[in-house]
Amino acid sequence: MIKKINEIAATVKGFLPKNKNDVEVFRIKYLGKSGVLNQLFEEFKNVPVEEKKEIGRSINNLKEQLKNKISSFDFSEKKNQNTNFEDLTKKVKVNNLGSRHPLSIIEEEIIEVFSSIGFSVAEGPEIEDDWHNFSALNTPEEHPARDMQDTFFIQSDPSILLRSHTSSVQVRHMENNSPPIRILSPGRVYRNEAISSRAHCLFHQIEGLYIDKDVSFADLKKTLLFFAKKLFGENSKIRLRPSFFPFTEPSAEVDVYWGLKNENDYRITKGTGWLEILGCGMVDPNVLENCGIDPKKYTGFAFGMGIERIVMLKYKVDDIRLFFENDVRFLKQFNFSL
Ligand code: DAH
C-alpha cells in the first residue's frame, strides 16, 4: 500500500493545471466523496495493526500535500487583475484615524519636563492596601485626615481599597529603594465623589518624590517654578500658599498666575487671577521612617497634581466628564500632535 501511496504522491506533485476548471476536476478526483483519498481510507481499514501507524501517516501526508497543491493555484479574477500594476500615485483615503487622548498628551508632556531634570517613572497598583494608601503616609486609622479623600473600600476586606491618590507609589518605591530617589508616578486614582462637571469618581494624578541628603524647601520651589514655566510658558508665575497634608511638613498648595483679562478669567480664578495646580511639601520624617529611610540622614520633597485639572486649564475644557465619554467630536480636537 505504501508503494501505491507514493505513486499517487508523485502524480500529485507533477500536476500542472491550465485553468480553474482543471483544478476543480483534480480536486474532485482526489478529495471528492468517492475520490482517491477516501478510497485509501477505506483500504486502510483492512491494514494489519502493526502497519497502521506508518500507512496512516503516509495517507495523512498525502492529504496535506493535496490541500497545499490545490490552494497553491489561484485562478480567481481578482488575482489576475492584481498582475496589473497599481497606480502608485493614487491618493489613499484613510478613514477614522484616531487621535491621542488629551490626558495622555499632557501626561507625557509632564513626564518629559521632569525627566529632563533626572526624574524617572515608577508605577504602582490601583488596588492598594491601607498601609500604602494611608497608614505609611502618616494617616493612621481613625485619623480625621482620612476624610479628605472619600475612598472606595472593598466590602469583604476593608483593608483593601482603590487607591485614592498616587502618593501610595512613594511608599512602595521608598520601601524598595534607597536614596537618592527621584521619581514621578502617573496613574489612575478613585474617589467616592458625586460626579459633576468638576469632580469624577476616577481621575488621574502625577506624584513626584525627591529624597536625598540636604534637599530643601528652596529646591522644591525652584523645581516647581521650572515645571510651570515649561508647561504654561516662560513668563509663568507661581505662588505657594501654606496648607496641610498628613504626609508633608510643611505643606503648601501651588497656584499658577492665570491673569484677569476677561470676565471668564474672573470667574474661574474667583477674582484672584490665580489657579491652584498642585499640592506639595517636605516629606514628613514619620513617612521616611515608615518606609525604612533614616530621617536624620535624608530629607526630601513631594508633590501631587491632578492631570485632568492641568488639561482643563491648558485647553480650557470646562467639564471633567468629557474625558471619560470618548466622544470623538471632543477627542478629535486634540489630534494636533499626531
Ligand atoms: N496626595 C494628595 C492628594 O491627592 C496630593 C499631594 C499633596 C501629594 C501633597 C503630595 C504632596 O505628594 O506632597 O490630594
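**Close-up views of a predicted model**

**View 1. Strands S1 and S5 pair in the parallel sense.** In this predicted model, two bridges join S1 to strand S5, which covers residues 181-190. Within this pairing, Val121 has Leu184 of S5 as its bridge partner.

**View 2. Seven strands form an open sheet with mixed pairing.** The strands follow one another in the order S1-S5-S6-S10-S9-S8-S7. Strand S1 (120-121) and strand S7 (238-245) stand at the edges and have a single partner strand each, so one side of each is left without a neighbour in the sheet.

**View 3. Helices H8 and H9 pack on the sheet.** Helix H8 touches S5, S6 and S10, and its direction makes about 40° with that of S6. Helix H9, made of residues 217-232, touches S7, strand S8 (248-257), S9 and S10, while its direction makes about 145° with that of S9.

**View 4. The ligand is surrounded by 16 residues.** The closest of these residues are His165, Ser167, Arg191, Gln205 and Glu207. By class, the shell around the ligand consists of five nonpolar, nine polar and two charged residues.

**View 5. Polar side-chain atoms of Ser167, Gln170 and Glu207 face atoms of the ligand at short range.** A polar side-chain atom of Ser167 lies 3.0 Å from a nitrogen atom of the ligand, and an N or O atom in the side chain of Gln170 is 3.4 Å from a ligand oxygen atom. For Glu207, a polar side-chain atom lies 2.5 Å from an oxygen atom of the ligand. Taken alone the ligand exposes 350 Å², of which the protein buries 91%. Helix H8 (167-176), strand S6 (202-212), strand S9 (274-283) and strand S10 (299-306) are the elements that give two or more residues to the shell around the ligand.

Note on methods:
Residues numbered from 1 in each chain as written. Predicted model: local features only at pLDDT ≥ 70, side-chain atom pairs only at ≥ 80, totals over all residues. Heavy atoms only, no water. Near = heavy atom within 4 Å. Polar contact = N/O pair within 3.5 Å; in protein donor to acceptor, adjacent residues only side chain to side chain. Areas by Shrake-Rupley, 256 points an atom, 1.4 Å probe, with all protein chains shown as cover. Helix = DSSP H or I, 4+ residues; strand = E, 2+ residues; numbered from the N terminus. Nonpolar A, V, L, I, M, F, W, Y, C, P; charged D, E, K, R; others polar. Pairing = 2+ DSSP bridges. Contact = heavy atoms within 4.5 Å. Axes fitted to C-alpha atoms, helices over the stretch in contact; angles between N-to-C directions.
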